[in-house]
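Visitor: Could you take one part of this model and go through it closely, following how its strands and helices are put together?

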Amino acid sequence: MSMDLQRLTSLLRQCIQRYDMIQPGDSIAMGLSGGKDSLCLLMGLAALRRFYPVPFALHAIHVDVGAGMTEENIRRMADFCEAQGVPFHHIPTQIYQIVFEERKEKNPCALCAKMRKGALNQTALDLGCTKIAYAHHKDDFIETSVMNLFMEGRYDCFPPVTQLDKTGLQVLRPMLYVDERDVIGFTRKYELPVVKNPCPADGKTRREDVKQFIRESRQQFPNIRESLFSAVERLFEEDRHG
């Protein structure tokens, strides 16, 4: 049975309250790529905002890297945001040209992500936002912890709340309890207007390798996802309590 909007807002609320993510008067910017994860989070936060006891504002920001996003796709995102009652901001950039054509990066993802985050943060500040919400779901947390262990020799993961010292912004990841398979089901159930990622590196990353590793490992260790997520949650609890 596919996750419905009530279930999504319940999971978002659990995470937001557990990690004290929203205070009265917060204005939250949301990075909207047009992919299933960000569309799901936008719809969930827009719905939660209508009955959440703590009032907050919401803005959707699409950082266009210049990789071939069509006007039609931009319009679809804008229409979706309008239907949710959320202001939409389209930010054109030359990130693709800089990363792929001028610098010809062999490993482009890190630089591209850094530049996208820079553009997103600056736009959020310009809009008077206090926080930024990212659409990382449960599987992203699990995969990141495994990537750090395999590639850097340390067990770590991005936390649900991150303070950005340079800008004063806080990064929120309220989809901690939402499974990717539920995002997929939700996307189909509500026919979200998913925009295909035009990046040439999409689907060819280390994250995809780790995702495949976890999927294959479930044959020998059926509860591997649950165990890994429990370890991630313990990591967050240790950080919270020092």
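Guide: A crossover counts as right-handed if, with the strands pointing away from the viewer, the path from the first strand over the helix to the second runs clockwise. In this predicted model, β1, α2 and β2 form a β-α-β unit that is right-handed in this sense. The strands of that unit, β1 (residues 26-31) and β2, run parallel and are joined by 6 bridges, and within this pairing I28 has L58 of β2 as its bridge partner. Strand β2 also pairs with β3 (residues 88-92), again in the parallel sense, over 5 bridges, where V63 is matched with I91 of β3. Here too the connection is a right-handed β-α-β unit, made by β2, helix α3 (residues 71-84) and β3. As for its surroundings, β2 (residues 56-64) has 8 of its 9 residues buried, so this strand is largely enclosed by the rest of the structure.

The helix of the β1-α2-β2 unit can be followed further, since α2 (residues 36-49) packs with α1 (residues 5-18) at an angle of about 80°, the two axes lying 9 Å apart. Angles of 65 to 115 degrees count as roughly perpendicular, and α1 and α2 are therefore described as roughly perpendicular to each other. On the α1 side the contact is made by L5, L8, T9, L12, R13 and I16, and on the α2 side by C40, L41, M43, G44, L45, A47 and L48. Sorted by class, this contact of α1 with α2 comprises 10 nonpolar, 2 polar and 1 charged residues.

Methods: Residues are numbered from 1 along each chain as its sequence is written. This is a predicted model: local features need pLDDT of at least 70, side-chain atom pairs count only at pLDDT 80 or more; totals for chains, interfaces and linings use all residues. Side-chain values use heavy atoms; hydrogens and water are left out. Axes are lines fitted to C-alpha atoms, for helices over the stretch in contact, and angles run from 0 to 180 degrees between N-to-C directions. Helices (H or I, at least four residues) and strands (E, at least two) are DSSP runs, numbered from the N terminus. Angles under 35 degrees count as roughly parallel, over 145 as roughly antiparallel, 65 to 115 as roughly perpendicular and the rest as oblique. Contact means heavy atoms within 4.5 Å. Ala, Val, Leu, Ile, Met, Phe, Trp, Tyr, Cys and Pro count as nonpolar, Asp, Glu, Lys and Arg as charged, and the others, Gly among them, as polar. Buried means under 20% relative accessible area, exposed over 50%, partly exposed in between (1.4 Å probe, protein chains only). Two strands pair if DSSP finds at least two bridges between them.
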